[in-house]
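Here are a few exercises to work through with the structure open beside you. Try each task before you read its solution.

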Amino acid sequence: MKRFLLFMGMSIALILAACNESSGDADSADGNWKPTRNIEIVAPSGAGGGWDTTARMAAKVLEEEGLIDKGIGVVNKTGGGGAVGWAYIATKKGSPYNLFVTSTPMIDVPLNGQSEYDYTDFTPIANVIADYGAFAVKADSKWQTLNDLFDDMKKDPTSVTVIGSSSPGSMDHLKFAKFAKEAGVDITKIKYVSEQDGGELTALLNGSVDVFSTDVSEVVEQVRAGNIRVLAVTSEERLEGETISDFPTGVEQGINTTYINWRGFFGPKDLPEEALKYYEQKFKEMTETDAWKKIRANYGWGDFFMGHEEYKEFLKEQVESSKALLDELGIVR
Amino acid sequence: MGVMDGILEGAKVAFSFQGILFVLMGVFLGTIIGMLPGLGPITAIGVMIPISYGMDPNMALVMMAGIYYGAIFGGSTSSILLNAPGVAGTVATAFDGYPMAQQGKAGKALAIAAVSSFVGGTVGVIFLMLFAPLLASVAISFGPPEYFALMLLALTAIASLSEGSTIKALISGTLGFMVAMIGIDGQTGTSRFTFGSASLLSGIDFLVIALGIFALAEVFKLIITRNESDSGPNKNIGSIRITKSEMKEMSGPMSRQSVLGFLIGVLPGAGATIASFIAYITEKKIAKNPEEFGKGSIKGLTAPETANNAATSGAFVPLLSLGIPGSGTTAVLLGALMVMGIQPGPMLFTEKPDLFWGVIISMYIGNIFLLILNLPLIPYISKLLNIPRPMLISLVTIFCLIGVYGISFNTFDLYLLLAFGIIGYLLRLVSFPAAPFILAFILGEMIEQSVRKSLTISNGSFMIFLERPITLAFLIITVLSLALPPLLGMRKKIKSIE
């Protein structure tokens, strides 16, 4: 019902905006574009997931800190690992009122052939945060370092089972493959099990699988309780924070690679230049507020701001690197 | 700090004015959410995360937990009155609950559901309190092969859900299995049976199937048979009083299934749905009059309602003692804790005893509130059946449409809903039972994925299913439960021939 009212309201606003087009143009001529109606941020997943939380928290900070004085509504478009939401945004070409939140699957899902839209069909506005990956084993495992594990895998890649929550060819699989490849393991033979019902940690703790490829935030408490050991995190340098700073990086163990799970906001294709500038600026201001910093700290999200131009370059590199890995794994379609 | 001090700290939280207020708010919201299909507890808690930011974490968790178990408690209502299960955990409730309502005993069915839910929930909380830290090791004892064996056992319910023809039940189950395969395959990332449609990539949602096959199919039947006087929902609500002999009949399933339901709930990923199905089949297996099941049996209603609520309490064991989410809802609860600056994990028990025990103790209060809230409401809620038939039909249809649209905001799902409504009606027309279809649909993907995960782990060797004791035990029970009844039947026949 609420959505219906919102929809009605937006339709009326749209009609009014169309009638009043001349004044809108005057605004953009000054380069001072401002939203004149409510903004929709699509989270292409269900409520409560990473995308959804980021979108809701950003909307909250943007509104409550007075950065944007129009209402911001978060809408969930669930399905296809993001593909359903992207297909929806693709119909909003040029609209400065339809943004969405996205992250690494924006690269992997199209490469896996599961979405006809890739990042070039949208306008990257700003990246805001990043998480890093971690590779964990049971506390009583024989592997003390990442190299111990990879040495065994070089001898027999099929002797080790890796578990993660994303599907094969996506994040948890790719980051492990990236590190294993750097170490010289035959990555086409890695046994990867995808567990999408939340049983990854269970499977690791009861010994069904050997290695858990996940996010740093998932492992901290289990390490503190002495249940598991982190062999490596995927950041360039050690991360800050109690317990977290004890986790070695791959780089310091001689495996010279990194993996970053970025998360940011995009708009539809042909987002007007002025609107792009406006949102880029607002997201930048948002990441500088104390409210946002506190939310980041609670969730363990790292600060990783990139503006439009830098973001575009970064995405291009990400596609190259993922594509190379997927090619080797034989997954690119 | 000892456990006793922790419990006292928790009691302080739960019995504070705020604590009682928030648990009341939580269970009230939960009941309403449970009654309306579509807006499930996951969405409700997800949407509340930004609101709870800045709230006292104890209170926020007390309230969110209330929404969770309140939704399972309230979920039985639409199953019983409209044959429209809103969450997977209440599908089995419709098997005997809806026939009871049709016999003019809607009031009694709702009362039985409320009392069984209360008993299941409360026994579950007592177990949670006594054994949560101890059961942590049980919670992680299940790997993919164990899950496969457990689900296979649950799947044998197909045999007991057949009304007459076992072949028809098996065909119906196979169809459900096939529908479950639609979408991206978790182990290879390949899309199956999606025909290039992005809307099918994540598979078909449970609600689309449940509301289509059960509720819409019923609506179609009502429309087509509108001129026959004896069809459709009985307007008679009947007394809500449960007699002594009925109470006696309920006590068996309640005492058994609150324990069994709790234990299944402890396993991450199994949860209320599997608990309710296993409860239903075990009660049917040991009942003196199994032929009453599916026709409005009191035991058949009591068993799944007790089990699904006990399982909900059980799901808090891995959540609170290990920081492992056992279901979608508890995963979102974990996310909610994080935004409040609390790291859920195995250390919660020692570092935040007020939170750990506060939630558990608030669940006692919550269950009592749920009973007090639900019982007096029954006469009013069941008045729904007094609505004139044409209006009721339109209402149920709109209710289904909104519920399904609310999960994805995708109109494609509405067409799917309609299609499954028609399929459901056709299945009835040729007397194929719908229950095996939905059971196989719910279990299908989990069974398939757990087999394949197991085989990946074992490098393709099927021995993995025989080498692990828990798996082997479940497989033996499964075989026995399928083979014993026909064997016993044969022996009887042979004896009678002699």
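Before we start: helices and strands here are DSSP runs numbered from the N terminus, with at least four residues for a helix (H or I) and at least two for a strand (E). Also keep in mind that this is a predicted model.

**Exercise 1. Find where B:Ser431 sits, and work out whether B:Ser431 is buried or exposed.**

Step 1: go to the loop between helix 19 (411–429) and helix 20 (435–457) of chain B; that's where B:Ser431 lies.
Step 2: count neighbours. There are 10 C-beta neighbours inside 10 Å, so B:Ser431 counts as exposed, the cut-off being 12 or fewer.
Step 3: check the backbone. Phi is positive, about 45°, although B:Ser431 is not a glycine. Most residues other than glycine have a negative phi.

**Exercise 2. Do the same for A:Thr243: which loop holds it, and what is its phi?**

Step 1: A:Thr243 is in the chain A loop that runs between strand 8 (228–233) and strand 9 (260–268).
Step 2: its phi is positive too, at about 65°, and A:Thr243 is not a glycine.
Step 3: A:Thr243 has 14 C-beta neighbours inside 10 Å, so it counts as partly exposed.

**Exercise 3. Describe the overall build of chain A.**

Step 1: tally the secondary structure, which gives twelve helices and ten strands.
Step 2: get the extents. The C-alpha trace spans about 70 × 40 × 40 Å along its principal axes.
Step 3: compare with a globule. For 333 residues, a compact one would have a radius of gyration near 20 Å, and the 21 Å of chain A agrees with that.
Step 4: look inside. Buried residues account for 50% of the 333 residues. Of the contacts between residues at least 6 apart in sequence, 77% join residues at least 24 apart.

**Exercise 4. Which element gives the most to the largest nonpolar core?**

Step 1: size up the core. It has 260 residues, and B:Ile438 is one of those with the most contacts inside it.
Step 2: the top contributor is helix 6 (residues 91–139) of chain B, with 24 residues.
Step 3: turn to chain A. Domain 1 (2–130 + 262–329) and domain 2 (132–260) both give residues to this core, so it lies between them.
Step 4: zoom in on B:Ile438. Beyond its neighbours within four places in sequence, its contacts include B:Val91 and B:Gly176.

**Exercise 5. How many residues does each chain bring to the contact?**

Step 1: chain A brings 51 residues and chain B 47 residues.
Step 2: on the chain A side, helix 3 gives the largest share, five residues.
Step 3: sort that side by type: 17 nonpolar, 26 polar and eight charged.

Terms used:
Residues are numbered from 1 along each chain as its sequence is written. Chains are lettered from A and ligands numbered from 1 in the order in which they are written. This is a predicted model: local features need pLDDT of at least 70, side-chain atom pairs count only at pLDDT 80 or more; totals for chains, interfaces and linings use all residues. Two residues are in contact if their C-beta atoms, placed from the backbone, lie within 7 Å. Ala, Val, Leu, Ile, Met, Phe, Trp, Tyr, Cys and Pro count as nonpolar, Asp, Glu, Lys and Arg as charged, and the others, Gly among them, as polar. The radius of gyration is taken over C-alpha atoms; the globule rule is 2.2 Å times the number of residues to the power 0.38. A residue is buried if 20 or more other C-beta atoms lie within 10 Å of its own, exposed if 12 or fewer, and partly exposed in between; C-beta atoms are placed from the backbone. A nonpolar core is a set of buried Ala, Val, Leu, Ile, Met, Phe, Trp, Tyr and Cys residues joined through C-beta atoms within 7 Å. Domain bounds come from an automatic or database domain assignment.
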